[in-house]
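Visitor: I am new to this structure and would like a close look at a single part of it. Could you pick one and walk me through it slowly?

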Amino acid sequence: MKKYSPHQASFCALDANVLCLIMYLVAAIFRNSNNYSLLAWVVPVIILFVEKDSSFIKFHAAQILGLQVFWFIVGLVLGILAIPLIFFVGLLILIGYVIYFASIGLYLYLGYIAYTSYSTYQVPVIGKFVSELVKE
């Protein structure tokens, strides 16, 4: 975990930790929304490209995108598994709900850490890739 000093985003008047918390909340709330799920992808992409100075904000935006890709792949695998395992569809639905609530918990936890401590907690595989990508 790398700690940062409190600072503001370069493109708006929000503190960096508040902006990161908002990104995580948007991802947690709208990830599986039928009408607004694109917000969970678009908000971090816009912030990733608009932010110029803060590697703290860039790291969290890129980590959210990495998690979105991960959850998409998990949903795709569960959907593919549902075809041959049609008799166990109830179990797959239960696994899907557990994964959904775990993802919400992870987003809320990461947002809490970013908000309270100005630090970058790296999710095991995605975090290392993201920190190299944004050159944290």
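Guide: What follows is a close look at helix H3 (55-82) and its surroundings. The model is predicted, so local features need pLDDT of at least 70 and side-chain atom pairs count only at pLDDT 80 or more, while totals for chains, interfaces and linings use all residues. Residues are numbered from 1 along each chain as its sequence is written, and side-chain values use heavy atoms, leaving out hydrogens and water.

Let us set the scene. The protein chain has five helices and two strands, where helices (H or I, at least four residues) and strands (E, at least two) are DSSP runs numbered from the N terminus. Along the sequence they come in the order β-α-α-α-α-β-α. The C-alpha trace spans about 55 × 30 × 25 Å along its principal axes. Of the 136 residues, 36% count as buried, meaning under 20% relative accessible area; exposed means over 50% and partly exposed lies in between (1.4 Å probe, protein chains only).

Now for the first partner of H3. Two packed helices are described by the angle between their axes and the distance between the axes. Axes are lines fitted to C-alpha atoms, for helices over the stretch in contact, and angles run from 0 to 180 degrees between N-to-C directions. The axes of H1 and H3 cross at roughly 5° and come within 9 Å. H1 is therefore roughly parallel to H3; that label covers angles under 35 degrees, with over 145 roughly antiparallel, 65 to 115 roughly perpendicular and the rest oblique. On the H1 side the contact (heavy atoms within 4.5 Å) includes Cys20, Met23 and Tyr24, and on the H3 side Phe56, His60 and Ile64 are among the residues involved. This contact has 10 nonpolar, three polar and no charged residues. Here Ala, Val, Leu, Ile, Met, Phe, Trp, Tyr, Cys and Pro count as nonpolar, Asp, Glu, Lys and Arg as charged, and the others, Gly among them, as polar.

His60 deserves a pause. This residue of H3 has 1% relative accessibility, so it counts as buried. Beyond its neighbours within four places in sequence, His60 touches Cys20, Met23, Tyr24, Ala114, Ser119 and Thr120. Cys20, Met23 and Tyr24 are themselves among the buried residues of H1, and what covers the buried residues of H1 includes H2, H3 and H4.

The second partner to meet is H2 (39-50). H2 and H3 pack at an angle of about 150°, their axes 9 Å apart, and are therefore roughly antiparallel. Their crossing is left-handed, that is, the near helix is turned anticlockwise from the far one by less than a right angle (clockwise would be right-handed). Trp41, Pro44 and Leu48 of H2 are among the residues in this contact, as are Ala61, Leu65 and Phe72 of H3. The residues here divide into 13 nonpolar, one polar and one charged.

One more residue of H3 is worth finding: Gly79. With 40% relative accessibility, Gly79 counts as partly exposed. Its C-alpha atom lies 9.8 Å from that of Ile93, 14 residues apart along the chain.
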